[in-house]
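Here are a few notes to read with the model open beside you. Take the points one at a time and find each residue as you go.

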Amino acid sequence: MKVLVTGGAGYIGSVVTAQLLEAGHTVTVLDNLTTGVAGAVPEGARFVQADIKQAGDVLGEGGYDAVMHFAAKSQVAESMAKPELYWDNNVSGTLSLLEAMRQTDVCRIVFSSTAATYGIAGDEPITEDTPAVPINPYGQSKVAVDYALQGEAAAHGLAAISLRYFNVGGSYAGFGERHDPETHLIPNVLRVAAGLAPSVNLYGTDYPTPDGTAIRDYLHVADLAEAHLLALEAAAPGTHRVYNLGSGTGYSVNEVITTARDVTGHPIPVTTFPRRAGDPPILVASSARITADLGWKAHRSLHEIVTDAWTFLRSTL
């Protein structure tokens with residue numbers, strides 16, 4: 001296929017682009033580089049530096065079969081402080097993309113969504129039947145796009161799949177996390193081992209979990225990318241399907257830190273703080289539906305996630 005990857009200079013987009021190229025697809029990456037990195041665009045992909053609202057200029061060149069949509073703002077705290085940015089980029093930008101797809105007869109899309117759509121779900125593990133009640137503009141903007149995709153599928157025959165997931169880690173083919181500021185646990189733990197921070201902050205040690213620390217779902221970025229390629233092939237005209245991507249069990253903060261100590265050989269000091277308001281004890285997604293429908297499941301362990309993330313971090317120092 002000839003595929004447009006929006007946000008393909010970002011972490012997940014770059015890995016998906018690499019796997020698309022390996023699978024023999026022709027890829028154009030569109031990214032405005034506000035958070036993406038030009039050097040993260042895999043060799044063999046064409047790169048267009050442009051905003052999502054300019055995607056029509058690229059699709060108008062003709063011959064495209066599908067879009068993989070990663071271009072989004074994704075910081076929860078920022079979305080609370082500046083919600084207008086999220087409605088403009090994530091929602092208005094996607095609506096512009098969908099209009100361009102209609103005008104150019106591109107009828108297939110895989111949308112990178114988030115398990116933040118579920119808010120504080122209460123169900124463990126979270127399934128696709130769990131009500132989507134997001135508690136921040138980031139999650140709300142992603143649900144809004146899901147509704148737009150549902151409408152496009154019903155009215156215009158769009159083939160669409162949304163993939164919802166929590167935390168992603170690791171690296172693949174030399175592509176890894178380059179966030180600034182970095183808010184994710186695994187790279188922040190590894191920054192301590194690399195001497196870039198004195199200790200890692202741990203929020204809450206009294207959760208009702210086996211070791212007292214919060215449990216979260218972590219997926220290797222290569223597993224995640226493989227799910228996107230399966231979804232690309234499986235998207236069916238006139239349907240919008242939603243799939244969770246998860247481990248089904250999750251890992252505690254202490255498990256992540258312990259694994260990082262094992263991988264790096266560094267003691268990784270910890271500074272403990274009280275729980276943060278609104279942080280639930282456990283957030284884990286069930287991937288039973290996508291396993292049944294598409295045969296996908298997460299194969300790579302937490303140890304592999306941390307090892308590959310550590311390899312990537314050291315390569316950037």
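1. Start with the buried residues of α7: V221, A222, D223, L224, A225, A227, H228, L229, A231 and L232. Keep in mind as you look that this is a predicted model. Those buried positions make up 10 of the 14 residues of α7, so the helix is largely enclosed by the rest of the structure.

2. How far does α7 reach from its first C-alpha to its last? The span is 20 Å for 14 residues, close to the 20 Å expected at 1.5 Å a residue.

3. Now for the largest nonpolar core, which has 37 residues. The members that touch the most others are I12, L20, M68, L163 and L245. Several elements supply at least two residues each: the helices α1 (11-22), α7 (221-234) and α9 (288-294), plus the strands β1 (2-6), β2 (26-31), β4 (66-69), β6 (159-165) and β11 (239-245). Which of them gives the most? That's α7 again, with 7 residues.

4. Zoom in on I12 for a moment. Leaving aside residues up to four places away in sequence, I12 touches F70, Y165, V168, V221 and L224. Two of these partners, V221 and L224, are on the list of buried α7 residues from point 1.

5. There is another core, apart from the largest one, and it has 24 residues. L30, V106, L149 and A160 are among them.

6. Next, have a look at the second largest pocket, which holds about 260 Å³ of space. It is lined by 17 residues, and the closest to its centre are E177, R178, E182, P187 and L313. Two elements, α6 (185-193) and α10 (302-316), give two or more residues to the lining. The largest share comes from α10, with 4 residues. What sort of residues are they overall? The lining divides into 7 nonpolar, 5 polar and 5 charged.

7. Last stop: A197, in the loop between α6 and β8 (200-203). Is A197 buried or partly exposed? Its relative accessible area is 24%, so it counts as partly exposed, since buried means under 20%. Not counting residues up to four places away in sequence, A197 touches R191 and V192. For a sense of distance, try Y64: it is 133 residues from A197 in sequence and 45 Å from it in space, C-alpha to C-alpha.

Notes. Residues numbered from 1 in each chain as written. Predicted model: local features only at pLDDT ≥ 70, side-chain atom pairs only at ≥ 80, totals over all residues. Heavy atoms only, no water. 1 Å grid on protein atoms, 1.4 Å probe; cavity = no way out; pocket = protein on both sides within 12 Å on 5 of 7 lines; lining within 4 Å. Points joined across faces, edges and corners; volume = space filled by probe spheres on them. Nonpolar A, V, L, I, M, F, W, Y, C, P; charged D, E, K, R; others polar. Core = buried A, V, L, I, M, F, W, Y, C linked by side-chain atoms within 4.5 Å. Buried < 20%, exposed > 50% of the residue type's maximum accessible area, 1.4 Å probe, protein only. Contact = heavy atoms within 4.5 Å. Expected span 1.5 Å × (residues − 1).
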